[in-house]
Amino acid sequence: MREYHAYGEETPFIKAGPFKIRLPFVHYRFEIADYIQGLLMCAVCLGALPLLTDNLGMPQEVALAIVILNGFFYMWHTLLGDPVVPGWITPAIPLLIAYCQTFEIGQERMQALCAFEITLGIFAIILGLTGLAGKLVGMVPNAIKGGVILGAGIAAINSIFCAGGKFEAMPITTAICLAIAFYLLFSNGFQKLVGKSRVFETIGNLGILPCIVVAAIIGPIIGECAVPEINWGLSHPDFATLWTDWVPWGTMGWPSLMMFIKSIPTVIAIYIVLFGDVVQSKALVKDADVTRPDEKVDYNPNRAHLIFGIRNTVMGVIGPDITMCGPLWAAMQVVVCDRYKKGRKSMQSIFGGAACFRFGTFTGYWLGPIVSLVTPILSVAYALTMIVQGFVSVRVGIQQCRSFKDLGIAGIVAGVILAHNASWGLAVGILCCLFCYGKDFFKGDTTFGSLFSPEVEAMTNDSLDDDEDATEEATNVKPAA
C-alpha cells in the first residue's frame, strides 16, 4: 500500500494562504467504499428539490441545476483543507422558509433569498478572516442561543406535520420509515446489536439510507407513490434557464439595499444555529484524530468559515439555495469518522473518506437512474432529514440553557420563532433577558447551578479558540509523497 504521508504527520498539501490544497491520488488515497456510499446517499441531497420547487416556484430541472452547483461546492472543503463532509444548514431551513414567505413568491422572494445568502456568506467570511467566530456567539446569552436552536428544531418538525406538510403526501410510508430511522439512529437496543454483529454495524453506518430503500419499495406497493420510470441516461439540469431567469444578474435583477438590511436579523439567528455545526465538526474530527496517531488532522474553524462563507456568497449569485451551504452533514461525518477510526488499512486519510463521499454524491446527481428512482419518494427523504435534525436540535437547544429560567426564556423564544420568524424571536429573547437578568444580561442566571452533568457541561462549553489552530504552522509548500 502506498504511503502518502509519514507516520504522525499531516497528509501532504499545497500551501495557499489560509488553505491547504489536497488532491485525490496525489495527496491521499481514493476511498472506493466512501465513493459508493456517496453515490447512493445523493438521494438525501435530492430531497432539496421539493423545497426549491414548492417554496420558490421554480421548475424541477432548474432546482436540479442548483442542487448540482451546491454539490460541486461541497467538494471545496476537503480540496481547501477542511476534513469534513459538508451539508445543508438543516435545522435552520424552516427559519429561512418562514423569512422567504414574508415576500411575494416570484421575483421579490428570489431577491430576498439572494440578499440573505450573500449577506450570510460575507458575514462568515469576515468572521473567518478576523477569527471572531467563537467570540461572537460566546457573547449571546445562553437562553437566546437555546431558544433559537430549540425553535429551529421545533419548526423543522412542525414543517413536516403541519397542514399541507410533507407527511400528508405519503403518511404510511413516512411513518414506517421514521420508525426505522429512529430505531437505527437512536435505539439503545440497536446499538447493542451493532456491537455484536458486523452486519448490524454495516447497517448502522449507512445512516438513513436503509430508510430511503424501504420507502422506494413500500411507497409503490401501497399506492402512495408511482412506480418510478427509470431514466437510463443522464439527468437533465437546466442551467440555461437558471442563469437567465433565477439569478440576480439575469432578468430577476439585484435585490435592493433594504432587502440586505432586512435579512440581517435572520442571518444572525441562522448563524447561531450554524455555529453549533462548527462546534460539532471540531468535536467529531478531534475524537477521530485521537484514535489515529499516524495522521495529524488540522481542523481550523476560521478556515471552515472562509470556505462555507465563499460557498454561500457564490451560490447567492449563481444559484440561490434555500437549504444554504453549511459546514457539516453530521450523520455522514460520523459514518466517515467511525470507519477512519478502524485504522489506516480501512481509510488511509480522513480527507480521502470525506472527499470521496462527496465525489460520489456529485456523480450521483448526474445519473438518470438514481435521480429517477428517488424522485417519487423525495418527500419521504426530506421528512426523514428534517425530523431527525429536529430531534437533535431540540436536544442541543435545551443543553444550551443553564437554569430553569433560561429554559423558560428559550421556550418563549422558540414559540415566537414558530409563530412569526427569527427576527421576532431574537427581539423577544433580548427583552426577556433584559427584564430577567438586568445587568447580568450576558452572564444569565448566576443564582442557579447547572442543570446537567459535568460531561454535558464540558461538551456544551466547548470553544472554537484553542491551541489546535494549525493554519499558521505551515509556511512551506509540502510536496506529495
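These are my notebook entries on the overall fold, one helix crossing, the cavity and a pocket of a predicted model.

**Entry 1, overall dimensions.** I began with the whole chain, which holds 24 helices and two strands. Along the principal axes, I found that its C-alpha atoms fill a box of roughly 65 × 55 × 50 Å. I then looked up the radius of gyration, which is 22 Å; a compact globule with 481 residues would come near 23 Å, so the chain agrees with that rule.

**Entry 2, H8 against H16.** I looked up how helix H8 (142-161) meets helix H16 (residues 264-291). Their axes come within 9 Å and cross at roughly 85 degrees. Angles of 65 to 115 degrees count as roughly perpendicular, and H8 and H16 are therefore put in that class. I listed the residues in contact: H8 contributes Lys 145, Val 148, Ile 149 and Ala 152, while H16 contributes Ala 269, Ile 272 and Val 273. By class, I have six nonpolar residues, one charged and no polar ones in this contact.

**Entry 3, the cavity.** I searched the whole structure for cavities of 30 Å³ or more and noted one. The volume of the largest cavity is about 60 Å³. Its lining includes Cys 45, Ala 48, Leu 52, Ile 66, Val 67 and Asn 70. I also noted Gly 71, Tyr 74, Trp 88, Asp 321, Thr 323 and Tyr 365 among the lining residues. Two elements, H2 and helix H3 (60-74), each give two or more residues to this lining. H3 supplies the largest share, five residues. I sorted the lining of the largest cavity by class and got eight nonpolar, three polar and one charged residues.

**Entry 4, the second largest pocket.** Which residues lie nearest the centre of the second largest pocket? I noted Asn 55, Ile 97, Gln 101, Ser 159 and Cys 162, out of 21 lining residues. Helices H2 (48-56), H5 (93-100), H8 (142-161) and H22 (404-419) each give two or more residues to the lining. I recorded a volume of about 450 Å³ for this pocket. By class, its lining has 12 nonpolar, seven polar and two charged residues.

**Entry 5, cross-reference.** I marked two helices that recur in these notes. H2 gives residues to the lining of the second largest pocket and to that of the largest cavity. H8 also gives residues to the pocket lining, and H8 crosses H16 at roughly 85 degrees.

Notes. Residues numbered from 1 in each chain as written. Predicted model: local features only at pLDDT ≥ 70, side-chain atom pairs only at ≥ 80, totals over all residues. Heavy atoms only, no water. 1 Å grid on protein atoms, 1.4 Å probe; cavity = no way out; pocket = protein on both sides within 12 Å on 5 of 7 lines; lining within 4 Å. Points joined across faces, edges and corners; volume = space filled by probe spheres on them. Helix = DSSP H or I, 4+ residues; strand = E, 2+ residues; numbered from the N terminus. Nonpolar A, V, L, I, M, F, W, Y, C, P; charged D, E, K, R; others polar. Axes fitted to C-alpha atoms, helices over the stretch in contact; angles between N-to-C directions. Parallel < 35°, antiparallel > 145°, perpendicular 65-115°, else oblique. Contact = heavy atoms within 4.5 Å. Rg over C-alpha atoms; globule rule 2.2 N^0.38 Å.
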